[in-house]
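Please walk through the fold of this protein, from its overall dimensions down to the pairing of its strands.

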Amino acid sequence: MHTVIVGSQWGDEGKGKIVDLLAAKNDIVVRFNGGNNAGHTVVVANEKFPLSLLPSGVLWQKKLLIAQGAVVAPDVLLREIDFFIGRGLKVGLTIDFRTNIVMPYHKLLDAATEEAKGDKKVGSLKLGIGYCYEDRNNRHGIRLEDLINKKILKEKISSYFPSVKKRIEKVFGYKVSLTANEIFTEYNMYGLKLKKYAGDVSLILAKEMKDKNVLFEGAHGTFLDGNFGTYPFTTAVNTISGAVFPYCGIPPQKLKVTGVVKAYTTRVGGGPFPAELFDSTGEYMQEKGGEFGTVSKRRRRCGWLDMVMLLYARRLNGFTDIAVTKLDVLTGLKKLKIAVKYKIGNKETEDFPTSLSQLGMCKPVYKEFPGWKEDISKAKKYSDLPKTCRVYIESIEKMLGVPISIVSVGADRNSVIKIH
Ligand code: GDP
Ligand code: IMO
Ligand code: MG
């Protein structure tokens with residue numbers, strides 16, 4: 001059975017760790033969305049491997065694919081590839097010919113727009129990902145097939161870049177010193193290096209899915225989905241499980257859908273966050289959980305687990321099971337809370353609002369649970385966990401109506417309890 005892994009909150013749920021874990025039992029790992037605004041950390045024997053574009057199955061030497069739904073910053077990807085090759089690992093990667101390339105002007109546009117938004121900033125990482133998707137969707141994009149074709153690359157950059165330059169200079173008032181020729185020279189060099197990785201991912205999958213196990217790695221999280229997330233405080237791409245079909249070029253079919261759920265909630269950047277904590281408990285989660293962005297190094301906002309969010313995520317993604325991560329971070333808290341409803345004025349709802357202004361008015365209604373003080377980071381089986389910890393886990397399972405397959409109790413690959 002093929003599996004798709006998705007984040008069920010606002011990203012950084014620990015997807016990288018879960019993908020690494022499951023990659024061991026799969027043959028192929030496919031990254032199907034997002035760009036280098038994603039950051040996934042895999043920890044093996046105390047060594048940290050931060051990844052933003054390479055599928056998190058790289059450490060197992062699996063066949064790796066980057067599908068058309070992702071966007072690639074070639075400099076970043078080449079650095080990641082070189083890192084693993086430098087360590088003597090084989091990087092068996094194929095990138096779809098149709099994958100769009102993040103260009104330097106996408107970054108300039110991203111930075112200029114964020115500045116212009118003032119206090120309405122999305123909190124973008126300013127890596128140009130949103131603009132790359134804009135060009136992709138509006139057919140101005142440069143695909144990998146163009147990057148590796150000198151003549152087409154030159155033509156595309158020289159016909160499109162002047163209008164982008166005008167936009168940045170005349171609309172946003174920034175001086176652009178970059179020239180079309182400089183961009184061509186740099187990106188042509190990336191094309192030459194990436195050429196050997198180009199292929200037809202859709203075709204590879206059509207052949208391989210017959211008798212191999214494929215793991216589809218989703219970046220970001222459900223609430224960052226460009227349509228169903230907390231728009232406009234989202235990314236510019238779909239992050240929910242169904243996106244895997246058009247993004248990889250495979251037909252709709254039954255897949256196992258594993259939702260990754262952090263045992264509390266975090267978010268980076270702007271936008272409403274009903275269960276956010278502004279007190280010492282939030283700081284405790286932030287410090288103990290090391291809640292700093294892998295890419296941006298920004299502090300992540302922290303709050304209680306939110307069942308209203310998770311039920312919406314279950315509805316959108318069709319979870320067949322969930323992996324609960326970072327449970328160890330809650331150790332030492334006397335009381336734990338889970339938001340079970342939202343109050344808007346004097347009305348209560350269990351449905352995640354469709355409107356951002358309504359979400360901003362929601363006050364969570366909490367259910368309390370006793371905490372635990374025992375160190376759980378060395379626990380190897382479910383029965384090693386303290387009773388109150390098991391009650392917390394089983395309550396999540398019961399409220400969500402989805403079985404928990406994995407509980408993660410530390411960053412390391414081995415800090416894990418498999419349940420089913
Ligand atoms: P992703 O974006 O969903 O892949 O998540 P990130 O890698 O950006 O953020 C999760 C962070 O938590 C990383 O630094 C992981 O090494 C770490 N992590 C993952 N699982 C656990 C866990 O169970 N406990 C602890 N303490 N850290 C974890
Ligand atoms: P992973 O895969 C957490 C957030 C950014 C910002 C908003 C838009 O590591 O879970 P963009 O750069 O797309 O314009 O940013 O989305 N964001 C993430 N937050 N984890 C991520 O990915 C994120 N990817 C984007 O912080 O608020
Ligand atoms: Mg991350």
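The paragraphs below start with the whole chain and then turn to one sheet.

The model is a predicted one. Its secondary structure consists of 13 helices and 20 strands. The radius of gyration is 22 Å, close to the 22 Å that the globule rule gives for 420 residues, so the protein is as compact as a globular protein of that length. Along the principal axes, the C-alpha atoms fill a box of roughly 65 × 50 × 40 Å.

Burial and contacts come next. Of the 420 residues, 57% are buried, where buried stands for under 20% relative accessible area. Taking contacts between residues at least 6 apart in sequence, 74% join residues at least 24 apart. The accessible surface comes to about 18100 Å², and carbon and sulfur atoms account for 54% of that surface. As for charge, the protein has 64 positive and 44 negative charges, and the mean positions of these two sets are 1 Å apart.

The sheet can now be followed strand by strand. Strands of a sheet pair through backbone hydrogen bonds, either parallel or antiparallel. Here, ten strands form an open sheet with mixed pairing, and their order is 9-7-5-2-10-1-11-15-19-20. Strand 9 (198–199) and strand 20 (416–418) are the edge strands, because each pairs on one side only.

Within this order, strand 11 is followed by strand 15. Strand 11 covers residues 256–262 and strand 15 covers residues 321–325; the two run parallel and are joined by five bridges. One residue pair to look at is V261, whose bridge partner in strand 15 is V324.

How values were computed
Residues are numbered from 1 along each chain as its sequence is written. Chains are lettered from A and ligands numbered from 1 in the order in which they are written. This is a predicted model: local features need pLDDT of at least 70, side-chain atom pairs count only at pLDDT 80 or more; totals for chains, interfaces and linings use all residues. Side-chain values use heavy atoms; hydrogens and water are left out. Helices (H or I, at least four residues) and strands (E, at least two) are DSSP runs, numbered from the N terminus. The radius of gyration is taken over C-alpha atoms; the globule rule is 2.2 Å times the number of residues to the power 0.38. Buried means under 20% relative accessible area, exposed over 50%, partly exposed in between (1.4 Å probe, protein chains only). Contact means heavy atoms within 4.5 Å. Accessible areas come from the Shrake-Rupley method with a 1.4 Å probe; for residues, only the protein chains shown count as cover. Lys and Arg count as positive and Asp and Glu as negative; His and the chain ends are not counted. The place of a charge is taken as NZ of Lys, CZ of Arg, CG of Asp or CD of Glu.
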